[in-house]
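Me: I have a structure open and no idea where to begin. Could you show me how to read it, one feature at a time?

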Amino acid sequence: MALNRLEKAQTWLFRAVTAFFFMIFQFFSPRRPADSVKKLPPVTNPLLLQSATQLAKKIRRKEVCTQLSQADPDATLCLQLFLQQCPKAGFNLDSLIVSSVEVVQAYIDRIQDVNPFVNAVVKDRFAAALQEAALVDKLIEEETGGEEVLEDRLPLLGVPLSVKESYSLQGMPLTTGLMSRRGVVASVDAPPVALLKRSGAIPLGVTNTSELCMWLESHNHLYGITCNAYDLERIPGGSSGGEGSILGAAGAVIGVGSDIGGSIRMPCFFNGIFGHKTTPGVVSSENQYPPTSGRQDEYLSCGPMCRYAEDLLPMLKIMAGPNAHMLSLNTDVNLKKLRFFSIPHDGGSAYTYPVSKELLDIQKKVVERLEADLGVKVQQVCLRELRYSFQIWDTYMGLPDHEGKVCPFDGAE
């Protein structure tokens, strides 16, 4: 749909101003030779290549990797190929026993390897995590009810977890990058964090955000800037960018994020991981900073972030807690009976750049794959009002609640 004259003028002015400031930025930025660009060290521990669901199962079973051949041949083949390609990893399939201590230590080692590059984890609790992992292994050793009892009661037993710093994690900072909140420490756990801990997950630390969670990157004056896991010259998205970066860097397997304007979705997209912006009200937003007011609770939601898609559903079941009944999480879905829609772009907006040809081509391939595999017809939809989505969102963030109160942080998550 074509822009009117005023919108065309706004678009031209917006892009001209953006290009001008970008040129200034490039002029004053230090030049780096192409061969000097740093990259993250490669993954050298096969435990970092498995989902939280798989790790929890192996921890419960105290599984030796050679036993995988019967229970999980695909995982065995993956590990064998990995060890053939990385002989310096120092692991042996005949001797690698999966315990919580082993897994937690593997992720601690990885964080120590990559965090100097990405600056994602801003405060760790490694010593406490290792103590908790040792208690997990002792609990498994003494359990008499069998693996099924542990799986039902503690589905994430012994699995490491990272947490966005805007969530309360007892004993950890709760600043969202504000200098004025330096030294503020959480005295309780936010409900979704508490539920994950109650399911057996072990927090390793908290991760960076943009200041007050108000932007699409993760930079503040308290902790500095977080970098993208795949390209250290680029941003990881925000405001859950610390989570996106450390998950993308294989320094965590599951994490906790929040989203009011893309803060789960953008970091996941930027770092090649998975996340879900839940329906507002399903996962509790209590004990976060900054607090919401006005009508922002109708937009803000908390949700899971993870390296592997299979962990999204079990994480959401846990994080939803007593509200899990609001979703049909245990219902089988026949994809062939669903209606599919494709929205290739927003129709043109003065405040956004057009969707790249590469992304349009990828979306087209997804449509073709769905139609070929499921025998469905994907309908392309163009919503004219979508071009005003930013203005709608920005206006909504400032609306007062039923008592006439508005949020002191306009647009804050």
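Reply: Let's begin with burial: a residue is buried under 20% relative accessible area, exposed over 50%, and partly exposed in between, using a 1.4 Å probe and protein chains only. Keep in mind that this is a predicted model, where local features need pLDDT of at least 70, side-chain atom pairs count only at pLDDT 80 or more, and totals for chains, interfaces and linings use all residues. Residues are numbered from 1 along each chain as its sequence is written, and side-chain values use heavy atoms, with hydrogens and water left out.

Me: Okay, let me try one. Why does Gly-261 count as partly exposed?

Reply: Because its relative accessibility is 37%. You'll find Gly-261 in the loop between S6 and helix H10 (265–271). Helices (H or I, at least four residues) and strands (E, at least two) are DSSP runs, numbered from the N terminus. Gly-261 also lies 9.9 Å from Lys-277, C-alpha to C-alpha, with the two 16 residues apart in sequence.

Me: How do I read a sheet? In what order do the six strands come?

Reply: The general idea is that strands of a sheet pair through backbone hydrogen bonds, either parallel or antiparallel. Two strands pair if DSSP finds at least two bridges between them. Here the six strands make an open sheet with mixed pairing, in the order S1-S3-S2-S6-S8-S7. S1 and strand S7 (274–275) are the edge strands, each pairing on one side only.

Me: Which strands does S3 pair with, and in what sense?

Reply: S3 pairs with strand S1 (residues 121–124) in the antiparallel sense, over three bridges. One pair to look for there is Lys-123 and Val-206, the latter in S3. Strand S2 (residues 160–164) runs parallel to S3, and five bridges join them. In that pairing, Pro-160 has Ile-202 of S3 as its bridge partner. Going from S2 to S3, the chain passes through helix H8 (residues 191–198), and this β-α-β crossover is right-handed. That means that, with the strands pointing away from the viewer, the path from the first strand over the helix to the second runs clockwise.

Me: Is S3 (residues 202–207) mostly covered or mostly open?

Reply: Mostly covered: six of its six residues are buried. S8 can be read in a similar way: it is largely enclosed by the rest of the structure, because six of its six residues are buried.

Me: And what pairs with S8?

Reply: Strand S6 (residues 254–259) pairs with S8 in the antiparallel sense over six bridges; there, Val-256 has Pro-304 as its partner in S8. S7 and strand S8 (residues 301–306) also run antiparallel, joined by two bridges. In S8, Met-305 stands opposite Gly-275, and Cys-306 stands opposite Phe-274.

Me: Speaking of cysteines, how many disulfides are there?

Reply: In general, a disulfide is a covalent bond between the sulfur atoms of two cysteines. The rule used here is a pair of cysteine sulfur atoms within 2.5 Å. By that rule the count is zero. As for burial, Cys-302 counts as buried because its relative accessibility is 0%, while Cys-382, at 47%, counts as partly exposed.

Me: What about helices? Which residues of H9 are buried?

Reply: Helix H9 (residues 241–248) is mostly covered, with eight of its eight residues buried; among them are Glu-243, Ile-246 and Leu-247. After H9 comes Ala-250, with a positive phi near 65 degrees. In helix H2 (residues 52–61), the buried residues include Leu-55, Lys-58 and Ile-59. Lys-62 follows H2, and its phi is positive too, near 50 degrees.

Me: Last one: how do I read empty space? How many cavities of 30 Å³ or more does the search find?

Reply: On a 1 Å grid over the protein atoms alone, a cavity is a set of points where a 1.4 Å probe fits but cannot get out, and a pocket is an open set with protein on both sides within 12 Å along at least five of seven lines; lining residues have an atom within 4 Å of a point. Grid points are joined across faces, edges and corners, and a volume is the space filled by probe spheres set on the points. The search finds one cavity of that size. The largest cavity holds about 40 Å³ of space, and its lining includes Val-121, Leu-161 and Leu-204. S2 and S3 each supply at least two residues of that lining.
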